[in-house]
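Colleague: Before I adopt the descriptive words used for this model, I would like to know which values stand behind them. Please take the terms one at a time and set each value against its cut-off.

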Amino acid sequence: MEVLGYLLQQLVNGLQLGAIYALIALGYTMVYGVLRLINFAHGDIFMFGSFVAYYLIAKWQMPLSLVFVITMAATALLGLVVEKVAYKPLRGAPRISLLITAVGVSLFLEYFLSLDSMFTPNYIAFPRPFDVVAYDLSLVAITNIQLIIFSVTAASLFLLYLLVYRSKYGRAMRAVAHNQETASLVGINVDAVISFTFAVGTALAGLGGILYGFAYPQINVFMGIMPGIKSFIAAVLGGIGLVHGAVLGGLVIGVSEVFVSAFLSSTLRDGVIFVILLLVLLFRPNGFFGKRREKV
Amino acid sequence: MTFLKGAKRFLVVSAVAYILLKALFLSGLATEYVQQVVLYALVMIIASLGLNVIYGYTGQFSLGHAAFYGIGAYVSACLTHAFAVDSVYAFLPILLFGGLFSGLIGYLIGVPILKLRDDFLAIATLGFGMLVRVLLDNSDKVADVVGGSRGFIGIPRITNLELVFVVLVFLVVVTRNLIFSKYGLFWQCIKDDELASTAFGIDTGRMKSMAFTYGCFLAGVAGGLYAHLYTFLHPSNFDLLKSIDFLVIVIVGGMGSITGTIFAGLLWVGFIEGLRIALPSGILELRWVFIPIFLIILMMLRPYGLFAQKESRFLGIDKT
């Protein structure tokens, strides 16, 4: 029984990490869908979200609801600025140029924000605006933070589903993902759709940043690199361009990372994730759900 | 020797450059530090040449070039440690072995991942780079001398001007001849249009793998020279930022230009090290703020680099 309890506990911890990865992976997958671009800077926008939330909570003591709203708005704004300044001038350029630009944006955000006059390169303790409570369910214990993470992720998924599959904007997004030129022929403003997709994706990254701060209360300007790459791997794992694929991929990556740390060695966990990536790219390059399905 | 004939002008130019540098070193005009930087720049050129073959000529985008540089560095350093080598002649086979080992790893990893298209290939090579970094960080669990995340210390200093120069000139000539050969033509075909190359009957898989292996071999040789120049290795020397360094050199010099890579390597290392001398340490940290901006602007204005596909006449490659 004890072994089973430990296993389940690690599973819950893994799902907690995976839910955050899922939120970040959604942004990757949506942007890739409409622009065919791996937005390397996405992990850094996630980091930016954590810092904005930190300032709102620690410096200005904002209520939690406002923290969520303002942080998501701030990351969406940053996403829009990045898209307009760095990616838009390159529309129609070779894909590698776009990718190098994305790497450049990522490095710029990291090193610019690590300046002493900005966020500084130090680790900062993220203040939780509430106390941690663990609910004992005989076999496993679930904390209120985990409950918040699961419910927020589930709610945002539901809203995203409504947006993508049940609204006019979602239909425009799917059309652009399917074929940009034809979409513009039938009167869709492609640039506006791309900007909108960026805003939604980066807002979700900001949400992930807040939740990450709650769950692992130590933040740093370079904290976005690994979650960013792992979330991208999650998106590839589920089939890039697919909303449900990103979520499933995120959960799988989160659980396997926690399991490797718990049962093998915590120093090897990043290595294992990359082995997973290489295996997926080799054997199922289109991810779990293939590619024939509808994309965003 | 037809091998050297076409590169006659290049050999003359490099002989002159060697004499100038040697005079500079002997006269004491160049301090120990400047000498180190010059050698380092030459080492960087060798590795960047490898990336130029992979990316600039064949169009296969790699973000994991530093991993192969690191493999070459660690393998050759382990060997000099194991055999207690400290002379240049005994070091040459080790250097070659380090390069070949790097090339072999490149070949093995390349066979599966080179099937991937540009941005997925970038992620796969990035992932491979991170994997190598994790393995190097944990390497002390296998052999304590490698040092893991503490770093590899006590490597003999063998790399000197003559060694770097001879290796660089030799490899530039080999690279030039490869580019000039039918293989080089196939590589450039693949970069321009992979599908059309297949239609012409080019074995694209084999050609891509060949270019990748050769590029990784160059990185491995450069890594071996680097290890025995600075006598200290740390896994953080071989992370993504290092790969970006090579990428910047290739792009600044121009995709598919050996001359460009040589000049860009000298300029880039000189620029970075010059900043270190000229600026106080507080401002020096700003360099990774400006390098990305520079990269982004370059991508907007000259996406194929400053001297893309232009060769200086001294290499004896006639481009029309």
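**Terms and the values behind them**

Modeller: The face of α8(B) turned away from its buried side carries Lys182(B) and Asp192(B), which are exposed, a word kept for residues with 12 or fewer other C-beta atoms, placed from the backbone, within 10 Å of their own, whereas 20 or more count as buried and numbers in between as partly exposed. The model is predicted, with local features requiring pLDDT of at least 70 and side-chain atom pairs pLDDT 80 or more, while totals for chains, interfaces and linings use all residues. Residues are numbered from 1 along each chain as its sequence is written, and chains are lettered from A and ligands numbered from 1 in the order in which they are written.

Colleague: Which are the buried residues of α8(B), and how do you know that they line one face of the helix?

Modeller: In helix α8 (residues 182-192) of chain B, a helix being a DSSP run of H or I with at least four residues, numbered from the N terminus, the buried residues are Gly184(B), Phe186(B), Trp187(B) and Ile190(B). Seen down the axis of α8(B), they fall within an arc of 160 degrees, so they line one face; the arc is that of the directions from the helix axis to the C-beta atoms. They pack against α3 (32-57), α7 (161-180), α9 (194-199) and α10 (204-230) of chain B, where contact requires C-beta atoms within 7 Å.

Colleague: What makes α9(A) roughly parallel to α11(A)?

Modeller: The axes of α9 (residues 225-238) and α11 (residues 269-283) of chain A, which come within 10 Å, cross at roughly 30 degrees. Angles under 35 degrees count as roughly parallel, over 145 as roughly antiparallel, 65 to 115 as roughly perpendicular and the rest as oblique, and therefore α9(A) is roughly parallel to α11(A). Their crossing is left-handed, that is, the near helix is turned anticlockwise from the far one by less than a right angle, clockwise being right-handed.

Colleague: Why are α1(A) and α9(A) called roughly perpendicular?

Modeller: The axis of α1 (residues 2-35) of chain A comes within 8 Å of that of α9(A), and the two cross at roughly 70 degrees; therefore α1(A) and α9(A) are roughly perpendicular to each other. The crossing of these two helices is right-handed.

Colleague: What makes Phe51(A) a buried residue?

Modeller: Phe51(A), which lies in helix α2 (residues 42-59) of chain A, has 22 other C-beta atoms within 10 Å and is therefore buried. Leaving aside its neighbours within four places in sequence, Phe51(A) is in contact with Phe119(A) and Ile219(A).

Colleague: How many C-beta neighbours inside 10 Å does Gln61(A) have, and as what does Gln61(A) count?

Modeller: Gln61(A), in the loop between α2 and α3 (64-87) of chain A, has 10 such neighbours and therefore counts as exposed. Arg36(A), found in the loop between α1 and α2 of chain A, has 14 other C-beta atoms within 10 Å and is therefore partly exposed.

Colleague: What is the phi of Arg36(A), and what is that of Gln61(A)?

Modeller: Although neither is a glycine, Arg36(A) has a positive phi of about 55 degrees and Gln61(A) one of about 45 degrees. Most residues other than glycine have a negative phi.

Technical notes:
Axes are lines fitted to C-alpha atoms, for helices over the stretch in contact, and angles run from 0 to 180 degrees between N-to-C directions. Two residues are in contact if their C-beta atoms, placed from the backbone, lie within 7 Å.
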